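Hi there,

Here is the structure I promised to pass on to you. Have a look at it first, and my notes follow below.

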Amino acid sequence: MLNKKQIRVVLDTFEEMFPDAECELTHSNEFELLIAVVLSAQATDALINKVTPDLFKKYKSPEDYLNVPLEELENDIRRIGLFRSKAKNIRKLSEDLIANYNGQVPNNYDQLIGLAGVGRKTANVVMSVAFGKPAIAVDTHVERVSKRLGICRWKDSVLEVEKTLMRKIPEEEWSDTHHRMIFFGRYHCRAKSPNCPECPLLELCREGKKRMKKREVISKT
């Protein structure tokens, strides 16, 4: 496991590599962001960004999602995985927003996770991106990178990863680190083909060292 000094090196390297990392989901307000993040579960941001331009032209408020049949909304997001359950969740969270929050997205974490289809990751993204509150949202990239580097343990659950990162990273750096870890995992330390040979963190990365040793063995056979 990385110590405090090593983690500092990691955070500084993330900043050097991706100083302008930010949420890549296209949105123009907190409601659009909420819908986009709900849709992004088990789907890529790139796919969501292909669907949401037309979606957000048609649906501008919670009321709009309730003014069409469920089947119509399903058809509008059919290209996205789990579209049936996501359509139901979007309608239910729209009902909740109208009934309990005047149609506005609440800027309270506990209220957010009470909405249909909104888990810890979605709530943290909304709190961080829409409302500027310090938060670390653990998606597949954040989980993979934190475990490969040895910031977290391989056996840690998503919740344990979140708590560990919050403990080991200064609170004022939570949101920036979250985005930088996503960029690092999405564009450099990819799931199937991480760029270990050119990685500035190779000397600190337990997974990277293992992969490089395997490459050496294979190249010698």
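Let me start with T13, which is buried, having a relative accessible area of 9%; that value falls under the 20% cut-off for a buried residue. T13 sits in helix α1, which covers residues 4-17. Apart from neighbours within four places in sequence, T13 is in contact with P200 and L201. Please keep in mind throughout that this is a predicted model.

Now for the overall picture. The protein chain has 12 helices and zero strands, so to speak an α element at every step from the N terminus on. Its C-alpha trace spans about 65 × 40 × 30 Å along the principal axes. Of the 221 residues in the chain, 46% are buried. Among contacts with a separation of 6 or more, 59% are between residues 24 or more positions apart.

The UniProt record, an unreviewed entry, lists residues 39-187 as "domain: HhH-GPD". In the model, that stretch is 64% helix and 0% strand, and its end C-alpha atoms lie 22 Å apart.

One helix pair that I looked at is α2 with α3. How do these two helices pack, in angle and in distance between axes? Helix α2 (residues 30-39) and helix α3 (residues 45-58) make an angle of about 140°, and their axes are 11 Å apart. Angles over 145 degrees would count as roughly antiparallel and those from 65 to 115 as roughly perpendicular, and α2 and α3 are therefore oblique to each other. The crossing of α2 past α3 is right-handed. On the α2 side the contact is made by E32, I35, A36 and L39; on the α3 side, I48, T52, L55 and F56 meet them. By type, the residues of this contact comprise six nonpolar, one polar and one charged.

Helix α2 turns up again in the surroundings of helix α8 (residues 120-130). Which residues of α8 are buried? They are T122, A123, N124, V125, V126, M127 and S128. What do the buried residues of α8 pack against? Their partners are α2, α7 (109-112), α10 (158-168) and α11 (174-187). After α8 comes G132, with a positive phi near 70°.

When you open the model, the contact of α2 with α3 and the buried residues of α8 are what I would enjoy discussing with you.

Best wishes

Technical notes:
Residues numbered from 1 in each chain as written. Predicted model: local features only at pLDDT ≥ 70, side-chain atom pairs only at ≥ 80, totals over all residues. Heavy atoms only, no water. Axes fitted to C-alpha atoms, helices over the stretch in contact; angles between N-to-C directions. Helix = DSSP H or I, 4+ residues; strand = E, 2+ residues; numbered from the N terminus. Parallel < 35°, antiparallel > 145°, perpendicular 65-115°, else oblique. Left-handed = near helix turned anticlockwise from the far one by under 90°. Contact = heavy atoms within 4.5 Å. Nonpolar A, V, L, I, M, F, W, Y, C, P; charged D, E, K, R; others polar. Buried < 20%, exposed > 50% of the residue type's maximum accessible area, 1.4 Å probe, protein only. UniProt positions renumbered as here; feature names shortened; annotations may be inferred.
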